[in-house]
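Please open the structure in a viewer and keep the selection tool at hand. The tour below proposes what to select at each stop and describes what is found there.

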Amino acid sequence: MKQYVVDAFTDHVFSGNPAAVCIMDGWISDELMLAVAKENNLSETAFAVKEEEGYRLRWFTPGGEIDLCGHATLAAASVIMNHYEPDLLEIRFRTMGGILAVKKTEEKAGDMLYEMDFPAYSLKPAEITSEIAEAVGAEPVEVYAGRDLLCVFSDEEMVRNLKPDPERMKRLEGLLLHATAKGREYDCVSRSFAPKLGVTEDPVCGSGHCHIIPYWAEKSGKDRFIAYQASERGGTLYCRMEGGRVKLAGKAALYSVAEIL
């Protein structure tokens with residue numbers, strides 16, 4: 001089985017968020033997909049099988065299957081559009097998170113952007129508790145709950161300098177935890193943590209921005225954002241709100257092609 005590793009939300013390797021991608025003729029067992037994901041030890045491994053209309057796509061973290069993942073969707077689209085069906089300009093994935101469309105567009109500089117159409121999570125205000133502050137390593141000014149927990153901070157440097165406690169995070173509500181603040185060079189900056197899924201920090205989280213972008217759109221009245229994920233690897237997302245959907249665009253860099261024996 002051939003496997004690609006793609007750095008998503010970046011134009012060069014060793015940055016962005018690496019995802020493994022396996023395009024298969026048919027499905028292998030869930031147990032084997034999870035074993036491959038654990039062996040890769042990346043935040044996500046994507047598995048895709050071609051159907052009559054588009055592809056079926058599933059994502060596995062080392063901790064199990066997940067219902068929505070941005071960077072591995074971008075990575076899968078880039079692999080299919082460059083190595084399997086190079087004439088495709090748009091692809092539709094059937095996923096646990098619904099039908100996800102990805103369009104390939106070319107920038108003026110000649111770089112390819114992959115724009116994904118994702119659902120926006122609805123956010124409900126949550127209490128700022130001492131448990132949250134101790135888990136994250138600083139006290140947020142606002143907290144919201146969707147699928148994940150979203151913590152808003154008053155200053156970009158607070159987000160960049162967070163030293164969270166993964167074990168404490170596991171006891172909080174929400175699947176992942178995202179920290180965000182208004183940026184200086186970017187519209188917003190963020191970091192994403194997923195210790196419940198075996199991922200201490202997700203380098204660049206697409207599904208996290210389905211929480212982050214709706215928040216900033218509501219606060220600012222804007223619908224277009226350039227977002228930066230301030231992890232050690234870093235990554236840039238070009239985002240816009242469109243109704244109840246979030247458009248997430250980014251670049252992709254192929255790191256490796258391997259054969260799984």
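Begin by selecting Lys103, Thr105, Leu113, Glu115, Arg224, Phe225, Tyr238, Cys239, Arg240, Lys247 and Ala249, which line the largest pocket. The model is a predicted one, and the volume of this pocket is about 200 Å³. Colour next the elements that give two or more residues to its lining: strands S7 (98–106), S8 (112–119), S15 (224–229), S16 (235–242) and S17 (245–250). Strand S16 supplies the largest share, three residues. By character, the lining of the largest pocket divides into five nonpolar residues, one polar and five charged.

**Second stop: another pocket**

Keep Tyr238 selected, as this residue also belongs to the lining of the second largest pocket. Add Phe9, Thr10, Asp11, His12, Ser15, Tyr228, Arg233, Gly234, Gly235, Thr236 and Lys251 to complete that lining. The volume here is about 150 Å³. Which strand gives the largest share of this lining? Here too the answer is S16, with three residues. The lining of the second largest pocket comprises three nonpolar, six polar and three charged residues.

**Third stop: the nonpolar cores**

Select Trp59, Ile91, Phe93 and Ile213, the residues with the most contacts inside the largest nonpolar core, which has 54 residues. Helix H2 (residues 70–84) contributes the most to this core, giving eight residues. Now centre the view on Phe93: leaving aside residues up to four places away in sequence, its contacts are Tyr55, Leu57, Thr73, Ala76, Ala77, Ile80, Gly98, Ile99, Leu100 and Val102. Another core, of 19 residues, lies apart from the largest one; Val143, Phe153, Met169 and Tyr228 are among its members. In soluble globular proteins, nonpolar side chains tend to be buried together.

**Fourth stop: helix H1**

Select residues 30–40, which form helix H1, and highlight Met33, Val36 and Ala37, which are buried. Why do these three lie on the same side of H1? They do so because they cover an arc of only 100 degrees around the axis. An α-helix has 3.6 residues a turn, so residues three or four places apart point the same way.

Display strands S1 (2–8), S3 (44–50) and S4 (55–61), which are included in what covers the buried residues of H1. Then rotate to the face turned away from the buried side, where Glu31 and Glu39 are exposed. Finally, select Asn41, just after H1, where phi is positive at about 55 degrees.

Definitions and conventions:
Residues numbered from 1 in each chain as written. Predicted model: local features only at pLDDT ≥ 70, side-chain atom pairs only at ≥ 80, totals over all residues. Heavy atoms only, no water. Buried < 20%, exposed > 50% of the residue type's maximum accessible area, 1.4 Å probe, protein only. Helix = DSSP H or I, 4+ residues; strand = E, 2+ residues; numbered from the N terminus. Arc of directions from axis to C-beta. Contact = heavy atoms within 4.5 Å. Core = buried A, V, L, I, M, F, W, Y, C linked by side-chain atoms within 4.5 Å. 1 Å grid on protein atoms, 1.4 Å probe; cavity = no way out; pocket = protein on both sides within 12 Å on 5 of 7 lines; lining within 4 Å. Points joined across faces, edges and corners; volume = space filled by probe spheres on them. Nonpolar A, V, L, I, M, F, W, Y, C, P; charged D, E, K, R; others polar.
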